[in-house]
Amino acid sequence: QYRADSMDETAAIPINYVGKEACAECHDAEAAQLASDLHKGLTCEVCHGPGSLHIEDQEKGILLKPGSREFCGTCHSINPARRTEVINQIDTKEHHPEKENCICCHNPHAVWEMKD
């Protein structure tokens, strides 16, 4: 059943995402790296979470610092529905299981190149 007030209720929800341009105002080096990276189509907040609290207060609005297998596996684990030429996929259980975090070897802010 359609509720007429649902549109107004949804519009009243505060916006928490600020966009990559807002992040680049303070983090210009990371933004420059991202601009030439395979991840350039993503916003910072896809990995680091909503930036509005961080912009308001850098001490209290701490952003996520992901890098775990589970986190990176959200996009990079094997999934037959994803096109492998668009997203590199790995078996997170078999790909260097001795490493706890992907960022031990793979810096998501470094320039990446697709390998054939």
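## H54 and its helix

Let's start with H54, which sits in helix α5, the stretch covering residues 52-56. This is a predicted model, and in it H54 has a relative accessible area of 18%. Buried means under 20%, so H54 counts as buried.

Which residues does H54 touch, once those up to four places away in sequence are set aside? They are H27, G61 and L63.

## H48, another histidine to visit

Helix α4, made of residues 44-48, is where you will find H48. With a relative accessibility of 22%, H48 is partly exposed. The class called partly exposed lies between the buried limit of 20% and the exposed limit of 50%, so the value of 22% puts H48 there.

Leaving out residues up to four places away in sequence, H48 touches L63, L64, P66 and H109. Look back at H54 and you will meet L63 again, since L63 is also among the residues that H54 touches. You can also try finding P14 in the structure: P14 and H48 are 34 residues apart along the chain, and their C-alpha atoms are separated by 18 Å.

## The whole chain

Now step back and look at the full fold. How many helices and strands does the protein chain have? There are 6 helices and 0 strands. Read from the N terminus on, the order of elements is simply α-α-α-α-α-α. The radius of gyration is 18 Å, well over the 13 Å that the globule rule gives for 116 residues, so the chain is more spread out than a compact globule.

A box drawn along the principal axes to hold the C-alpha atoms would be roughly 50 × 40 × 25 Å. For a feel of distance inside the model, pick out R3 and I90: these residues are 87 apart along the chain, and their C-alpha atoms are separated by 44 Å. R3 belongs to the segment before α1, the helix of residues 6-11, and R3 is partly exposed at 44% relative accessibility.

## Surface and contacts

How much of the chain is buried? Buried residues make up 15% of the 116 residues, and H54 is one of the buried residues. The accessible surface of the chain comes to about 9,300 Å², and carbon and sulfur atoms account for 57% of that area.

Contacts tell you how parts of the sequence meet in space. Taking the contacts between residues at least 6 apart in sequence, 51% join residues that are at least 24 apart.

## Charges and a salt bridge

The protein chain carries 11 positive and 20 negative charges. The mean positions of these two groups are 6 Å apart.

A search of the whole structure turns up 1 salt bridge. Which side chains meet in a salt bridge? They belong to E85 and R83, with a distance of 2.9 Å from N to O. The cut-off for a salt bridge is 4 Å, so the distance of 2.9 Å between E85 and R83 falls within it.

Are the partners buried or exposed? E85 is exposed, with a relative accessible area of 51%, and R83 is exposed too, at 53%. Exposed means over 50%, so both values pass that limit.

## A backbone detail at H96

One last stop is H96, in the segment after α6, the helix of residues 69-76. Although H96 is not a glycine, its phi is positive, at about 45°. H96 is partly exposed, with 43% relative accessibility.

Notes:
Residues numbered from 1 in each chain as written. Predicted model: local features only at pLDDT ≥ 70, side-chain atom pairs only at ≥ 80, totals over all residues. Heavy atoms only, no water. Buried < 20%, exposed > 50% of the residue type's maximum accessible area, 1.4 Å probe, protein only. Helix = DSSP H or I, 4+ residues; strand = E, 2+ residues; numbered from the N terminus. Rg over C-alpha atoms; globule rule 2.2 N^0.38 Å. Contact = heavy atoms within 4.5 Å. Areas by Shrake-Rupley, 256 points an atom, 1.4 Å probe, with all protein chains shown as cover. Lys, Arg positive; Asp, Glu negative; His and termini not counted. Charge placed at Lys NZ, Arg CZ, Asp CG, Glu CD.
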